[in-house]
Amino acid sequence: MKFLIVGLGNVGNEYAHTRHNIGFDVVMAFLSKHGGQLQQDRLAYKSEVRWKGRIFVCICPTTFMNLSGKSVKYWMDKEKIEKENVLVIVDDVALPLNRIRIRSGGSDGGHNGLKSIQELLGTTEYPKLRFGIGNNYPKGAQADFVLGKWLKEEEPVVRKKIELCIEVIEGFATVGINHVMNKFNHIEI
């Protein structure tokens with residue numbers, strides 16, 4: 001069984017550990033736990049780890065957020081992974097900071113990374129792990145907010161949620177998306 005785990009974000013030090021790059025941070029934490037290390041590859045930083053008879057192909061696209069679909073489509077085709085076995089990890093301003101949400105499909109919600117993936121796959125029906133970042137910003141300041149760093153008081157919640165996301169990825173591959181949706185979608189940190 002092979003799975004493609006996609007962390008969305010932007011490459012470059014100025015974007016490191018920002019709200020918009022939480023997908024990168026979750027993938028790196030998952031790889032850290034499982035002994036994987038990202039290497040530069042085509043259209044992405046990539047690593048492959050094996051756990052409980054599963055193969056996890058983990059990528060952080062280097063195409064920048066708005067072109068994430070290019071990287072996702074390339075690695076799905078190259079690794080011959082069906083969309084049901086793809087999990088895209090993404091920041092979400094519509095969810096409060098203390099929540100995550102797993103879905104087997106659903107709209108891009110205005111997120112440019114998801115929009116790009118949807119365009120290249122021709123569907124919204126692929127699994128997503130949405131990491132709530134909240135919407136604590138004044139009108140017109142969304143870009144600055146999502147590209148900003150976590151506040152000191154947010155960091156403990158973010159760390160706990162990253163650990164939760166590692167469990168979601170493991171569960172997604174071992175017990176399936178329905179089980180992880182039922183177990184994790186109602187948790188508040």
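The following exchange concerns the cysteines and the largest pocket of a predicted model.

Modeller: Local features need pLDDT of at least 70 and side-chain atom pairs pLDDT 80 or more, while totals for chains, interfaces and linings use all residues. Residues are numbered from 1 along each chain as its sequence is written, and side-chain values use heavy atoms, without hydrogens and water.

Biologist: How do you know that C60 is in no disulfide?

Modeller: A disulfide is a pair of cysteine sulfur atoms within 2.5 Å. The nearest cysteine sulfur to that of C60 belongs to C58 and is 8.2 Å away, so the pair does not meet the 2.5 Å cut-off. For C165, the nearest cysteine sulfur is that of C60, 13 Å away, and C165 is likewise in no disulfide. By this rule the count is zero disulfides.

Biologist: Why is C60 called buried?

Modeller: Buried means under 20% relative accessible area, with a 1.4 Å probe and protein chains only. C60 has a relative accessible area of 1% and is therefore buried. C165, at 0%, is therefore buried too.

Biologist: What makes up the lining of the largest pocket, by class?

Modeller: The lining has seven nonpolar, ten polar and four charged residues; Asp, Glu, Lys and Arg count as charged, Ala, Val, Leu, Ile, Met, Phe, Trp, Tyr, Cys and Pro as nonpolar, and the others, Gly among them, as polar.

Biologist: Which element gives the largest share of that lining?

Modeller: The largest share, three residues, comes from α4, a helix being a DSSP run of H or I with at least four residues, numbered from the N terminus.

Technical notes. Helices (H or I, at least four residues) and strands (E, at least two) are DSSP runs, numbered from the N terminus. Buried means under 20% relative accessible area, exposed over 50%, partly exposed in between (1.4 Å probe, protein chains only).
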